[in-house]
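Dear colleague,

Please find below the structure that I am handing over to you. My notes on what was found in it follow.

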Amino acid sequence: MILAFDDYDTETTFETDVVVVGTGAGGAAAGANLAEQGRRVLFVEEGGYHPTSSFNPYTTQSVPRMYRDASATVIFGRTPIPYVEGRCVGGSTVINGGMAYRTPDRVLAEWEATTGSSDMGPRAMAPLFEAVEAIISARKQSDDSIGEDSRIMQRGAEKKGWHYTTNRRNQDRCVGANNCALGCPTGAKQSTLVSYMPRAMKAGAECITEVRVERLLIEGGRAVGVVGRAIDPRTRRLTKKITVRARAVVISCGAVQTPVLLQRHRLGRPSRQLGKNFHCHPNAKVLAVYPQDVDGWKGVSQNTQIREFHEDGILMAENFVSPSILAAYLPYHGDRAWELMQRYRQMVLSGVLVEDSNSGSVRRTFAGMPYVSYELTALDHARFKRGVKLLAGMHFDMGAEYVMLPFHNQQIAHSPDDLKRIDDLQTDVRTLELFTPHLMGTCRMGADPKTSVVDLSGQLWDLPGCYVADASVFPTAIGVNPQVTIMALATRVAERLQLKQQAA
Ligand SMILES: Cc1cc2nc3c(=O)[nH]c(=O)nc-3n(C[C@H](O)[C@H](O)[C@H](O)COP(=O)(O)OP(=O)(O)OC[C@H]3O[C@@H](n4cnc5c(N)ncnc54)[C@H](O)[C@@H]3O)c2cc1C
Ligand code: SF4
């Protein structure tokens with residue numbers, strides 16, 4: 001059963017074993033596992049239910065429908081970083097690129113050392129990754145789904161002698177339609193909308209959509225449910241009151257929304273870490289324009305990652321997007337933007353992803369909204385400059401006519417010589433243009449209540465019955481795409497969750 005706004009009375013109360021708030025990577029994986037264990041599960045999702053048949057390439061329809069605040073969300077700092085989150089059944093997995101990577105062993109070894117628990121180490125995590133990968137069908141792309149933009153990246157890396165990898169993606173018969181960011185129209189991408197959620201429903205779970213949870217229900221020092229309001233999809237006003245009573249609560253609203261909900265109750269007191277340790281893998285775009293047609297929209301959007309500099313905290317990848325999304329990222333407007341967009345067929349859109357060397361924070365404002373702040377370090381800045389020089393240089397080696405750079409004061413390079421000026425011109429971090437879809441770490445998991453927000457089962461140290469299962473629980477940034485790690489940790493939360501005993 002999936003309910004929506006018109007199905008609710010002015011005040012409606014539900015009762016279940018476990019209420020799971022959010023249906024993205026963490027929520028859907030936790031809820032499906034719980035339902036398959038025989039628990040009664042009710043999902044509460046703020047966004048709407050949009051099936052595969054409704055997905056299309058029209059940005060003006062799809063973005064307001066499936067992106068939080070139509071993607072107008074920003075991390076504040078000297079370098080503001082726009083970020084995006086999904087808001088629909090399936091959460092951010094519906095709009096993501098589908099790359100499916102395990103947490104690197106070096107990160108797990110660090111988690112094992114810092115938490116002092118082998119639970120977080122490579123050996124204990126391996127079976128969880130295997131289970132997730134089987135469910136979301138993580139595998140390499142078929143040869144005929146790979147586009148020319150990806151092949152240029154591969155040939156460029158080979159020419160330079162750089163190590164690259166072809167991505168494992170959560171897909172089953174992906175035809176390379178390149179609409180991942182607006183919902184996969186063939187159902188090939190195994191977002192939680194088409195993987196974990198149907199499993200959960202088959203095992204008896206139910207889902208109420210268009211309901212924003214605003215607070216927890218706490219009785220006798222234990223979480224016993226949530227309270228929210230339904231959102232009228234026509235006006236976006238929060239109206240009808242919804243209460244869910246449960247024997248355990250799982251919060252899976254993502255690394256920005258989860259701490260904001262918990263901060264309402266002043267939780268995370270033992271460590272004072274709630275909302276801190278925010279990481280975001282900032283990205284910088286490098287757009288190369290070639291003399292020949294590349295037709296980057298033909299073929300999967302993200303198939304290659306250049307990993308030569310991964311140990312130095314730098315990843316490079318291509319990521320083609322629809323014309324309207326791309327146009328929004330251009331530094332130009334009017335005739336100049338139009339001229340550039342006429343070269344759309346000849347573009348390769350690529351980017352540099354930097355592993356954070358700093359952390360930021362998420363705070364709840366008086367209006368109950370998140371305020372996200374984050375500062376880049378000198379090391380991050382140096383990594384971006386190096387990554388951009390290397391990637392743009394590779395495009396020139398491959399014959400690019402010119403390359404658009406992610407700097408306000410140096411928007412274009414016409415030759416490799418122009419790249420030599422990057423070090424002289426890029427002395428201030430504020431000239432960088434960044435973006436991120438990876439948000440992590442605001443309810444860090446650990447074995448010590450003095451340094452973490454949730455324990456190794458995902459339960460809040462200071463609120464029994466309340467668990468977190470999403471990207472918030474990462475102890476640190478992981479340096480690769482996070483969905484598989486989130487699903488693996490959420491699977492563990494489901495395995496360890498304890499229900500409140502029922503009165504005899
Ligand atoms: C454009 C884009 C591309 C990406 N590409 C990749 C990729 O290729 N590979 C990869 O591994 N990762 C990728 N990611 C990241 C990955 O999708 C996310 O890290 C992951 O989905 C986060 O999982 P989550 O459970 O923390 O949150 P989400 O998946 O964002 O789910 C949170 C859910 O909670 C709901 N919610 C929030 N607050 C409330 C509330 N108060 N009440 C009720 N419901 C609420 C939201 O509507 C949402 O559905 C990408 C993300 C984006 C946006
Ligand atoms: S490339 Fe196309 S078919 Fe493949 S997962 Fe993305 S949207 Fe679906």
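The expected span of a helix is taken as 1.5 Å times one less than its number of residues. Please bear in mind that the model is a predicted one.

By that reckoning, helix α10, which covers residues 378-397, has 20 residues and reaches 28 Å from its first C-alpha to its last, close to the 28 Å expected. A number of its residues are buried, among them Phe384, Val388, Leu391 and Phe396. The buried residues of α10 also include the charged positions Asp380, Arg383, Lys385 and Lys389. Just after α10, Gly399 adopts a positive phi of about 100°.

Turning to the strands, an open sheet is formed by six of them, in the order β1-β10-β4-β3-β14-β23, with parallel pairing. Its edge strands are β1 (2-3) and β23 (466-468), each of which pairs on one side only. Three bridges join β23 to strand β14 (residues 248-251) in the parallel sense, and Ile251 stands opposite Val468 of β23.

An antiparallel pair is found elsewhere in the sequence numbering: strand β11 (residues 211-219) and strand β12 (residues 222-231) are linked over eight bridges. Within this pair, Ile218 has Ala223 in β12 as its bridge partner. The two strands, β11 and β12, form a hairpin with two residues between them. In the turn, Gly220 has a positive phi of about 60°.

With kind regards

Conventions: Residues are numbered from 1 along each chain as its sequence is written. Chains are lettered from A and ligands numbered from 1 in the order in which they are written. This is a predicted model: local features need pLDDT of at least 70, side-chain atom pairs count only at pLDDT 80 or more; totals for chains, interfaces and linings use all residues. Helices (H or I, at least four residues) and strands (E, at least two) are DSSP runs, numbered from the N terminus. A residue is buried if 20 or more other C-beta atoms lie within 10 Å of its own, exposed if 12 or fewer, and partly exposed in between; C-beta atoms are placed from the backbone. Two strands pair if DSSP finds at least two bridges between them.
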